[in-house]
Amino acid sequence: MEGYRVKQYQEPVKRYCQTLELRDNPELIAEYRKRHGRGNAWPEILEGIRRVGILEMEIYILGTRLFMIVETPLDFDWDEAMARLATLPRQQEWEDYMAVFQQAEAGASSAEKWQPMERMFHLYE
């Protein structure tokens, strides 16, 4: 198994880790993966993520379980950024488009779909 390269920043950052379940349907999961492939995510969505201050976003998958890591500056306010993100062009359209694949309520925002995970262990000081 190979690891994943992590970007280095000039300043300390903080992470948010969240999870979401996909519908248990291999065809839907394959299509969800395709729609998140390089060049397939809508440009407005990527721009919006950056505009609210997110430095990096990674999504990992195992079966139907998604795990997302978001890296931000230390002064980042999650609730404020998610409220702002929800108002940006095409964001709700993207959320509705993705809801077909996700176990989530129709019309839910990203902040309502993705559930925060609690860090219960870390090695570094």
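**Pockets in the predicted model**

β1 (13–21) and β3 each put at least two residues into the lining of the second largest pocket. Of the elements involved, β1 gives the most, with five residues. This is a predicted model, and the pocket in question comes out at a volume of about 400 Å³. Its lining is made up of 16 residues, and those that lie nearest the centre are Arg-15, Tyr-16, Cys-17, Arg-119 and Tyr-124. Sorted by character, the lining of this second largest pocket splits into nine nonpolar residues, six charged ones and just one polar one.

Now for the largest pocket. Here the volume is about 1,200 Å³, and 33 residues form the lining. Sitting nearest the centre of the largest pocket are His-36, Leu-46, Met-57, Glu-58 and Ile-59. Helices and strands both chip in: α1 (26–35), α2 (43–51), α3 (78–85) and α4 (91–99) each supply at least two lining residues, and so do β2 (56–62) and β3 (65–73). The largest share belongs to β2, which brings six residues to the lining. As for the mix, 20 of the lining residues of the largest pocket are nonpolar, seven are polar and six are charged.

One strand turns up in both accounts. β3 supplies at least two residues to the lining of the largest pocket, and β3 also supplies at least two to that of the second largest.

Key:
Residues numbered from 1 in each chain as written. Predicted model: local features only at pLDDT ≥ 70, side-chain atom pairs only at ≥ 80, totals over all residues. Heavy atoms only, no water. 1 Å grid on protein atoms, 1.4 Å probe; cavity = no way out; pocket = protein on both sides within 12 Å on 5 of 7 lines; lining within 4 Å. Points joined across faces, edges and corners; volume = space filled by probe spheres on them. Helix = DSSP H or I, 4+ residues; strand = E, 2+ residues; numbered from the N terminus. Nonpolar A, V, L, I, M, F, W, Y, C, P; charged D, E, K, R; others polar.
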